[in-house]
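Visitor: Could you take me through one part of this structure slowly? I am new to this, so please point things out as you go.

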Amino acid sequence: MTETTVDNTETARTAVEFWFDPNCPWAWMTSRWVGEVERQRPIDVTWRVMSLFVLNEDQDIPDEYRERIDKGQVYPRIVTAALLRHGQQIVKPLYDALGEHVHHRQEPDPEQVVPAVLRELDLDEDLLEYAWTDEVDQAVRASHQDGIDRVGQDVGTPVIAVEGTAFFGPVISPAPKGQEALDLWDGVVAVAKVPGFFELKRSRTVGPIFDTVAQ
């Protein structure tokens, strides 16, 4: 008798959209997890910009946080300017490079970070002018609003959409790897298939736990 084997390997490609603000450490953690999944599963990720500045511009927030996100506007702007010039293929490498400086190296000054990242990626120096002007703000706001429209106003970054179904999060620390990353991914895919699923949450007990190198 011939033994029949079943191949359970996932072959169909899954469309994923991921909204992030490069300033947000929690979005960075989640993006590292998505990158881990991307290496092991057939997913096609479109990386999209959100803005903590836009999200909080009408909110009553502490002055220190207001100052930080005002200063950090340059990061969504520079990613958007590069996207408009070079297309989607530049967004993830630029996000990775910014995150290495902002989150892993904890470099606080955008005026130092942005030129360094442009040099690392061999991008045109004239992109710098878009970081400190409002020329691409309309495009930033449009991308941000697209993400917010998918999930509602009472959320932050990141936002992830799986085959068109979007959620805030997942908020994780540290970013899981290997089978743990895939198990979490399978859970996200599962809840995305349930039309009435809206929220699953518990209080955070740790802060962002970073790897030492960007993924």
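**A close look at helix α9 and the way into it**

Guide: Happy to! Let's start just ahead of the helix: P174 sits in the loop that links β4 to α9. Keep in mind that this is a predicted model. The peptide bond joining S173 to P174 is cis, and its omega is near -5°. Most peptide bonds are trans, so this one is worth finding on your screen.

Now follow the chain into α9 itself, which covers residues 178-192. With 15 residues at 1.5 Å a residue, the helix should span 21 Å, and because its end C-alpha atoms are 21 Å apart, the expectation and the model agree.

Next, look at which residues of α9 are hidden. A181, L182, W185, V188, V189 and A192 are buried. These residues cover an arc of only 120° around the axis, so they lie on the same side of α9. Turn to the other side of the helix and you will find Q179 and E180, which are exposed.

What do the buried residues of α9 pack against? Their partners are the helix α1 (25-38) together with the strands β1 (14-20), β2 (43-49), β3 (159-162) and β4 (165-168).

One of those partners, β3, leads us to another proline: P158 is in the loop between α8 (137-151) and β3. Here too the peptide bond is cis, running from T157 to P158 with omega near 5°.

Notes
Residues are numbered from 1 along each chain as its sequence is written. This is a predicted model: local features need pLDDT of at least 70, side-chain atom pairs count only at pLDDT 80 or more; totals for chains, interfaces and linings use all residues. Side-chain values use heavy atoms; hydrogens and water are left out. Helices (H or I, at least four residues) and strands (E, at least two) are DSSP runs, numbered from the N terminus. The expected span of a helix is 1.5 Å times one less than its number of residues. Buried means under 20% relative accessible area, exposed over 50%, partly exposed in between (1.4 Å probe, protein chains only). The arc is that of the directions from the helix axis to the C-beta atoms. Contact means heavy atoms within 4.5 Å.
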